[in-house]
Amino acid sequence: MNIILFGPPGAGKGTQAKRLEELLNIPQLSTGDMLRAAVKAGTEMGKRAQKIMEEGGLVSDDIIVGMIKDRIAEDDCKNGFLLDGFPRTEAQAEALDTMLSDSGNKIDLTIEIQVDDTKLTERICNRFTCSQCGAGYNKISQPTQVDGVCDKCGGTEFSTRADDTAECVASRLETYHEQTAPVLPYYQHKGIHHIVDGMADIDRVTEAIKKVLN
Ligand code: ADP
Ligand code: ADP
Ligand code: ZN
């Protein structure tokens, strides 16, 4: 099954994607994670993307579409994939359709996680990640069970994202409403779009998504 998770920054896409990865046994393809890996590796593309990401803008469609095309061609995507953070523009959505139909494939389902803007800033400003295994946490809603120790791997080093500041969240939200929200009707018209209430707690959001999958 090929699924897209939509939602503004901080909606819980990554959190839910990690759970669905296990449940459905398909990989999460996060363009944000891929870009951060490129920034960390110091590649030319990473250097160009870094500035745009820090400003809360969007990296160019060409770069992103190329990245996803290569990733979808990999073996582990044969039985399906879960897109997180892509497509974010109408041009990306069209390019995705073209690349999939070229191989006789399509998007089966899109799920939009809806959360009020005011809640998103709070979530993002309290988000942190295990540096060792990448598990995501939240100081308020999803802390580690033992203070300072990752539940998943026992790691004791954590990091926060350079763009997870109140100021940058504001511009990322603006970008979402201006450029990504207009993509949603494209999938609504296809009759494959589903909305879940992302204001509920994490387990309830997972339950709502499972209902959609059934
Ligand atoms: P969030 O988890 O907060 O929604 P992401 O990790 O998905 O954010 O993305 C971080 C940043 O990476 C974005 O603000 C944007 O600059 C860039 N980015 C990620 N995905 C895309 C995309 N599909 N198109 C353009 N830029 C992207
Ligand atoms: P996205 O990938 O959409 O940017 P994340 O999955 O990283 O969002 O979630 C943003 C932050 O909010 C994380 O710190 C996460 O632990 C927390 N979070 C995710 N879903 C919920 C929820 N339903 N209720 C409360 N906090 C949540
Ligand atoms: Zn860990």
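In the next few minutes I will go through the surroundings of the two ligands in this predicted model.

Let me begin with ligand 1, which is surrounded by 18 residues, and of these T31, R36, G57, G85 and R172 are the closest. If we look at individual polar contacts, a polar atom in the side chain of T31 sits 2.8 Å from a nitrogen atom of the ligand, while G57 places a backbone N or O atom 2.6 Å from one of the ligand's oxygen atoms. V59 also takes part through its backbone, with a polar atom there lying 3.1 Å from a nitrogen atom of ligand 1. On its own, ligand 1 has 560 Å² of accessible area, and the protein covers 97% of it. Helix α2, residues 31-41, provides the largest share of this shell, namely four residues, and by class the shell comprises seven nonpolar, five polar and six charged residues.

Turning now to ligand 2, there are 19 residues around it, among which T15, R127, Y137, S141 and Q142 come nearest. Oxygen atoms of this ligand meet the backbone of G12, at 3.0 Å from a polar atom, and that of G14, where a backbone N or O atom is 2.9 Å away. From a side chain, N138 brings an N or O atom to 2.9 Å from an oxygen atom of ligand 2. Taken alone, this ligand exposes 570 Å², of which the protein buries 91%.

As for which elements build the shell around ligand 2, α1 (13-24), β6 (136-138) and α9 (202-213) each supply at least two residues, with α1 giving the most, three residues. That shell divides into seven nonpolar, eight polar and four charged residues.

Key:
Residues numbered from 1 in each chain as written. Chains lettered and ligands numbered in written order. Predicted model: local features only at pLDDT ≥ 70, side-chain atom pairs only at ≥ 80, totals over all residues. Heavy atoms only, no water. Near = heavy atom within 4 Å. Polar contact = N/O pair within 3.5 Å; in protein donor to acceptor, adjacent residues only side chain to side chain. Areas by Shrake-Rupley, 256 points an atom, 1.4 Å probe, with all protein chains shown as cover. Nonpolar A, V, L, I, M, F, W, Y, C, P; charged D, E, K, R; others polar.
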